Amino acid sequence: MSTPATQNQTIVGHGQLRFAADSTWCQLPAGEELGEVIGVATDSLDRVFLFTRTPNRLRVFDREGKYLHTWHDVPFVRPHGIHIGPDDTVYLTDDSDHTVRRLTPEGKLLMTLGLSGRPSDTGSTGFDYRTIRRAAGPFNLPTNVALSPDGEIYVSDGYGNARVHRYSPDGRLLQTWGEPGAGPGQFHVPHGIAVDRQGIVYVADRENSRLQRFTSDGKFIDQWTDVARPCEVFIDREGRVFVAELGYYAGMFPGNVPPSPDAPGGRLSIFSPAGELLARWGGGANPCAAGDFWSPHDVWIDSRGDFYVCEVNHTTGIRTGLVGTDSHTLQKFTALPA
């Protein structure tokens with residue numbers, strides 16, 4: 001579902017969900033490189049916050065791609081996820097520090113969830129989910145954060161655990177659920193998370209290649225399986241579900257086996273609130289081209305219906321020589337008239 005438009009732009013999507021993909025959107029200061037963008041989110045002004053694994057860990061741009069400023073004074077061990085709330089507070093997940101931080105839009109620390117440098121005891125020996133022996137409390141290599149309509153905080157936890165944790169807006173742990181496995185309510189790398197307007201919790205259960213849906217208090221509803229190693233999920237104002245899928249050939253996790261020789265690579269899928277596939281593109285046939293992907297890791301939609309997808313190409317492809325250094329790590333998709 002893609003059509004070449006210009007050298008750096010491609011038309012993707014289907015029907016009323018058509019977008020212009022731009023792989024050269026952000027304008028960096030002279031002499032700087034973007035590096036690996038691990039997470040992306042926008043605030044109420046549609047300013048774009050890029051969480052990166054470079055020395056400049058969080059950069060801010062306007063919606064046209066103009067560089068605004070960088071946060072310099074917030075230390076991180078290994079950035080992983082970002083979420084911005086309705087009040088523009090910023091939630092940042094540091095997987096290797098085993099913490100989630102809540103900060104002002106200017107970068108002032110407001111709250112920390114978890115104990116810095118102290119993982120919970122799951123028996124895990126690192127980022128291989130197969131070494132997890134038991135589920136435990138917060139956190140062991142947490143991955144992402146989402147807020148409910150009433151401000152409750154949900155954390156997917158993650159690489160070294162197999163749980164979702166639910167907090168009150170002021171940071172009190174209310175509930176935790178999940179265990180290692182492939183059954184309902186079990187997880188093999190709960191990597192991404194979102195909450196819709198009805199309070200339904202969507203969990204991107206990456207290594208089980210499914211989205212699981214739960215009530216706000218953790219009761220299993222159902223699962224969607226037409227996804228390929230989903231990394232993150234975002235729900236727009238109409239309830240449509242955008243899924244960034246890592247696919248089967250980028251960042252091959254220990255123990256992950258493609259289900260078939262023609263299994264898809266990285267892609268972006270859009271589902272209706274009922275789980276009907278509305279649009280899909282990518283697949284990794286030409287992963288360095290605008291509109292295609294190598295390793296989608298995060299997706300975020302702004303107030304105008306445009307959205308951003310970032311990729312972990314340095315970790316999963318460039319370092320191993322699977323893709324070239326020209327591989328994009330961020331794309332903007334601008335909504336086109338129906």
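Strands are runs that DSSP assigns as E over at least two residues, and they are numbered from the N terminus. The model used in these exercises is a predicted one.

**Exercise 1. Locate Glu-106 and decide whether it is buried or exposed.**

Step 1: With strands numbered in this way, Glu-106 can be placed in the loop that runs between strand 10 (99-103) and strand 11 (109-113).
Step 2: The relative accessible area of Glu-106 is 63%, and the cut-off for calling a residue exposed is over 50%.
Step 3: Glu-106 is therefore exposed, because its relative accessible area is 63%.
Step 4: To relate Glu-106 to another part of the chain, take Leu-28, which is 78 residues apart from Glu-106 along the chain, and note that the two C-alpha atoms are separated by 19 Å.

**Exercise 2. Describe the open sheet that has the order 18-19-20-21.**

Step 1: This open sheet consists of four strands, and their pairing is antiparallel.
Step 2: Strand 18 (190-195) and strand 21 (220-224) are the edge strands, since each of them pairs on one side only.
Step 3: From one strand to the next, the twist averages 20 degrees.
Step 4: Looking at one pair in detail, strand 19 (residues 201-205) and strand 20 (residues 210-214) are joined in the antiparallel sense over five bridges, and Ala-204 stands opposite Leu-211 of strand 20.

**Exercise 3. Find where the cis peptide bonds that join Pro-138 to Phe-139 and Asp-157 to Gly-158 lie.**

Step 1: The bond between Pro-138 and Phe-139 is cis, with omega at about -25 degrees, and Phe-139 lies in the loop between strand 11 and strand 12 (142-147).
Step 2: The bond between Asp-157 and Gly-158 is also cis, with omega at about -25 degrees, and Gly-158 belongs to the loop between strand 13 (153-157) and strand 14 (163-167).

**Exercise 4. For Asp-88 and Leu-141, which have a positive phi, give the location and decide whether each is buried or exposed.**

Step 1: Asp-88 is not a glycine, yet its phi is positive, at about 75 degrees, and its place is in the loop between strand 8 (79-84) and strand 9 (90-94).
Step 2: Since buried means under 20% relative accessible area, Asp-88 is buried, because its value is 12%.
Step 3: Leu-141, although it is not a glycine, has a positive phi of about 60 degrees, and it is found in the loop between strand 11 and strand 12.
Step 4: By the cut-off of under 20%, Leu-141 is likewise buried, because its relative accessible area is 6%.

Definitions and conventions. Residues are numbered from 1 along each chain as its sequence is written. This is a predicted model: local features need pLDDT of at least 70, side-chain atom pairs count only at pLDDT 80 or more; totals for chains, interfaces and linings use all residues. Side-chain values use heavy atoms; hydrogens and water are left out. Two strands pair if DSSP finds at least two bridges between them. Axes are lines fitted to C-alpha atoms, for helices over the stretch in contact, and angles run from 0 to 180 degrees between N-to-C directions. Buried means under 20% relative accessible area, exposed over 50%, partly exposed in between (1.4 Å probe, protein chains only).
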